[in-house]
Amino acid sequence: MTTTGEDTPDARTGAASAFNVELNGLNTIHESERKGRPRDLFWPWFGANVSVFGLSYGSFLLGFGISFWQATIIGVVGIVASFLLCGIIALAGKRGSAPTMVLSRAVFGVEGNRVPSFLSWLLTVGWETVLVSLAALATATVFQQLGWEGGIVTKLVALIVVVALVIVGGVVGFHLIMRMQMVITIVTGVLTVLYILLVLNHIDLGAVAALPAGDAPHVIGGFVFMLTGFGLGWVNAAADYSRYLPRSSRSGAVVGWTTFGSSLAPVILLIFGILLAGSSTKLSQAIGADPIGALATLLPTWFLVPFVIVAVLGLVGGAVLDIYSSGLALLSVGVRVPRYVAAGIDGVIMTAGAIYVVLFATDFIGPFQGFLITLGVPIAAWCGIFVADIQLRKRDYAEAELYDRNGRYGSVRWLPIALIVIGTAIGWGLVTNTYADWLSWQGYLLGPLGGKQGDWAFANLGVLVALVIGYLGTLLFSRNAVRRQEQR
């Protein structure tokens, strides 16, 4: 049995109780612990994405200046396509029974994989900070509507409660998370349906139908935002839960249940969110400052407390998966501590970031979009590389050699690292970020497309370009390398 995050190919956790601290770290999962069915993946993925925060994306998407039908089509396609990438990456978990950022070593080398592991850690810590901050902001807004004090004290108390739930889930680990996600799925699912029924009368179909259509750059920009806001925020963790499945699990079912479970709630919530935001300019603007709290202003007083429950639980569901995966990513970077300690370290960082957002930041949507786009570019490049590598492989991973720099996967593979660097360099040159002064340097390749103020300036083409560079570069130039690995 191991009690650390060391690079050991095999470990045992003992009894699989929901309240036993999981001792598995970067190791592969022992045969005796691989159990369940692909449909079990529905619970963690649905629970992590059923948050009413999904309603706010309707406002974010219409902010690109597009019509209801344009927003609906690119929103649905963007959500499903991005989570399909997660489904494909989940296959690697079944094939190798190790965390996503360990399986990525087969592509980048055992030491070279520290680069994407660090990017993964930044992304997951950022997301968990965002989700915890939203929970505190929403709680304070609802308390104000109830006529209670909704200032600093309320925000701090909300932060303490949410942070405690998230850190406990992340520290205890996989089995508690699976149990929590099942409860969160049921409770938030029921309460979210009630929310939709209660605010139906706020929809103005005439106002929604009158929304003007946007041109191609605006449509593409909205589509890329959906990719980065949903599936691309999860690809680096997609195999962390399928790694417990038996090898005999059907590949199609692994992909299907991951994609279906993660896409179902966001699609429904997005469409309804577009209808709400398109009905009221005032509401749409308020969502930019306090995405979830603004949605509470539509509710009758008696439903405000249930709304807080559904909002907080939904956000906790996402944050718990993030802190679990961020801990694994931190171990993959090279920090040698037990997995539960790594989750605790990330919890401290998450708490500090959330305190800043909740108590000092004056705007939410600006920094949030800047964060998504900036990290979305290198993660998109990594995703393209990893998906193509999975497509090229015909055999399961040689598990023991994922931990051996002298094994078949090598220490550093320079081609995929070069693809991330090239994809990121070109990608950052094709996106713009006016959301934060320190990101104003981006967009340096937009000159031929009209510059940083032209029609294509906010299309975020860099995310798509980075994804394609990673994918095609791997398909074209890594085929022989993968074949040699599988012939050893």
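Five helices each contribute at least two residues to the lining of the largest cavity, namely helix 1 (42-49), helix 2 (53-62), helix 6 (114-145), helix 12 (251-279) and helix 15 (304-333). The model in which this cavity appears is a predicted one, and the structure holds 4 cavities of 30 Å³ or more. The largest cavity encloses about 200 Å³ of space, and among the 17 residues that line it, those closest to its centre are A48, N49, F53, W127 and L131. In character, the lining of the largest cavity is made up of 11 nonpolar residues and 6 polar ones, with no charged residue in it.

From the interior we turn to the surface, where M182, I186, V190, V193, L194, L197 and L200 form a nonpolar patch whose members together have about 620 Å² of accessible area. One of these residues, L197, lies in helix 8, which covers residues 174-198. L197 counts as exposed because its relative accessibility is 53%, and the cut-off for that class is over 50%.

A residue with another degree of accessibility is Y340, which belongs to helix 16, spanning residues 339-359. Y340 has a relative accessibility of 28% and therefore counts as partly exposed, the class that lies between buried, under 20%, and exposed, over 50%. Y340 can also be placed relative to L464, which is 124 residues away along the chain, and the C-alpha atoms of these two residues are separated by 35 Å.

Terms used: Residues are numbered from 1 along each chain as its sequence is written. This is a predicted model: local features need pLDDT of at least 70, side-chain atom pairs count only at pLDDT 80 or more; totals for chains, interfaces and linings use all residues. Side-chain values use heavy atoms; hydrogens and water are left out. On a 1 Å grid over the protein atoms alone, a cavity is a set of points where a 1.4 Å probe fits but cannot get out, and a pocket is an open set with protein on both sides within 12 Å along at least five of seven lines; lining residues have an atom within 4 Å of a point. Grid points are joined across faces, edges and corners, and a volume is the space filled by probe spheres set on the points. Helices (H or I, at least four residues) and strands (E, at least two) are DSSP runs, numbered from the N terminus. Ala, Val, Leu, Ile, Met, Phe, Trp, Tyr, Cys and Pro count as nonpolar, Asp, Glu, Lys and Arg as charged, and the others, Gly among them, as polar. Patches are made of residues with over 30% relative accessible area and no salt bridge: like charges are joined within 9 Å, nonpolar side chains (Val, Leu, Ile, Met, Phe, Trp, Tyr) within 5 Å. Accessible areas come from the Shrake-Rupley method with a 1.4 Å probe; for residues, only the protein chains shown count as cover. A salt bridge is a side-chain nitrogen of Lys or Arg within 4 Å of a carboxyl oxygen of Asp or Glu. Buried means under 20% relative accessible area, exposed over 50%, partly exposed in between (1.4 Å probe, protein chains only).
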